[in-house]
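Good morning, and thank you for coming. Please look first at the sequence and the structure, and then I shall go through the main features in turn.

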Amino acid sequence: GRCRLLCKPSALAQHLLRSLGRSAALRGGRWPWPRWPRLQMLQQLLQPPEPEPVLARELLQLPDAGLVALDWLVGPWEAVGGGGGVSRAVLLLIPNAAGKVTAGLLQLGLRALERGFIPVIFNRRGHNGCPLTTPQLQPFGDPGDLREALTYLRCRHPSASLLAVSEGSGSGLLLAYLGESGSSSRLAAAACLSPIFRGRDWFEAGMPWLYEWPLLLHLKQGLSRYAGSLAEAVDMDRLLGSRSLRELEESLFCRTRSRPTSWELYWEHNEPLRDVDEAAVPVLCLCSADDPVRGPPARSVPTELFRSSPYFFLLLTPHGGHCGFPRRGSGRCWGHEAVLEYFRAMGEFLRAEEGRKGQPQPR
């Protein structure tokens, strides 16, 4: 279609270009209202997935006694295998930074389950009903808890490929992890749907109220459950009185009682791309030029990164809103199909490279 793939020329890029070019997800099936990105965003936030997924929750205890929750998608149907060689790969789904598990993310998990993946949702401390056992939440770009979760997944599925896909502002966590981990990352490939690349700029610019206020209320509702335990660390009156996501972020992580810090210093340690030059895992970033949450590509998409790094691939589409990428008919989000095709192509390419070099597949 009208998508463009921006990347550094390589054998992997050529293989990906051919695979996506053959994908039916990028052809036809256009939505009736391609120029209404906010309507697309509203549909993505409110429309329930079909069919309703069945989840099995597992709590993972961290070294400091904190907890994160892993929600395994186990129904309504069983995995059917196939998947072009990536069947039974574990696919970690990372929600946005507010912990909102959207219908779109669940729909992606269902599509992956249907094709033989093992999808599991990563829930941060205190998010989505995960108990908060320490007066500490996870900062925007601190990948420590994600690293523990991936270590556990590797132990539980030692012979499976580990893949990860993030949605919206949750991409800040995934990108930070890839940069910090470098060549020791446990992931075989990753993808970001409508990623936020520059965290500080995003918080300072603000977002459309249609997106910001629901997420702000969602966060406050979850944090109010832990008002007693958080009160020793933060000013709960200021926190619950926040009128923007930036105010809430500052109240949680900068204006703390024990270790207050400045807004500038906070972002020195939490910018998603702070160590991006160290990333050594193929990453597909699917972005829309009319994304009302991230902002115009000219100021919000680091195109120089995709031109210089052999690991980053930008699939840019004119219309699609924020994590929407809608189309008519079954499989309402063509972006999900593109991401699953990308993972299939990555598995195919890596197996071909291993065969050519005569190397055994790593366990």
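The accessible surface of the protein chain comes to about 15500 Å², and carbon and sulfur atoms account for 52% of that surface. Accessible areas here come from the Shrake-Rupley method with a 1.4 Å probe, and for residues only the protein chains shown count as cover.

Let me state where these values come from. This is a predicted model, in which local features need pLDDT of at least 70 and side-chain atom pairs count only at pLDDT 80 or more, while totals for chains, interfaces and linings use all residues. Residues are numbered from 1 along each chain as its sequence is written, and side-chain values use heavy atoms, with hydrogens and water left out.

How many of the 363 residues, as a percentage, are buried? Buried residues make up 57% of the chain; the term buried means under 20% relative accessible area, exposed means over 50%, and partly exposed lies in between, with a 1.4 Å probe and protein chains only. As for contacts, meaning heavy atoms within 4.5 Å, consider those between residues at least 6 apart in sequence: 77% of them join residues at least 24 apart.

I turn to the secondary structure. The protein chain has 14 helices and nine strands. These are DSSP runs numbered from the N terminus, with helices being H or I of at least four residues and strands being E of at least two.

In what order do the nine strands of the open sheet stand? The order is β1-β9-β8-β7-β6-β4-β5-β3-β2, and the pairing is mixed. Two strands are said to pair if DSSP finds at least two bridges between them. At the edges stand β1 (4-6) and β2 (54-61); each has a single partner strand, so one side of each is left without a neighbour in the sheet. On average, neighbouring strands of this sheet are turned by 20 degrees against each other, direction ignored. Such angles run from 0 to 180 degrees between N-to-C directions, with axes fitted as lines to C-alpha atoms, for helices over the stretch in contact.

At one edge, β1 pairs with β9 (residues 312-317) in the antiparallel sense over three bridges, and Arg 4 stands opposite Leu 316 in β9. At the other edge, β2 and β3 run antiparallel and are joined by eight bridges; Leu 60, for example, has Val 68 in β3 as its bridge partner. These two strands form a hairpin with five residues between them, and Ala 65 in the turn has a positive phi of about 75 degrees. Strand β3 is also joined to β5, again antiparallel, by four bridges; here Ala 69 has Asn 123 in β5 as its bridge partner. Eight of the nine residues of β3 are buried, so this strand is largely enclosed by the rest of the structure.

Two helices deserve attention. Helix α3 (residues 103-114) lies across β3 (67-75), β4 (90-94), β5 (118-123), β6 (162-167) and β7 (189-193), running at about 55 degrees to β3. Helix α14 (residues 334-357) lies across β4, β6, β7, β8 (283-288) and β9, at about 165 degrees to β7.

Next, the charged side chains. There are 17 salt bridges in the whole structure, a salt bridge being a side-chain nitrogen of Lys or Arg within 4 Å of a carboxyl oxygen of Asp or Glu. One of them joins Asp 64 and Arg 125 (3.0 Å, N to O). Asp 64 lies in the loop between β2 and β3, and Arg 125 in the loop between β5 and α4 (144-156), so the pair ties together parts that are 61 residues apart in sequence. Asp 64 counts as partly exposed, at 35% relative accessibility, whereas Arg 125 is buried at 4%. Arg 125 also meets Asp 145 in a salt bridge (2.6 Å, N to O). In helix α14, Arg 344 and Glu 341 form a salt bridge (2.9 Å, N to O), and both are buried. Finally, Arg 111, Glu 114, Arg 115 and Glu 337 are linked in a network of salt bridges.

I close with the nonpolar cores. A nonpolar core is a set of buried Ala, Val, Leu, Ile, Met, Phe, Trp, Tyr and Cys residues joined through side-chain atoms within 4.5 Å. Which members of the largest core, with its 40 residues, touch the most other members? They are Leu 92, Leu 153, Leu 178 and Leu 187. Helix α5 (residues 171-181) gives the most to this core, with five residues. A second, separate core of 38 residues includes Leu 105, Ala 189, Val 339 and Phe 349.
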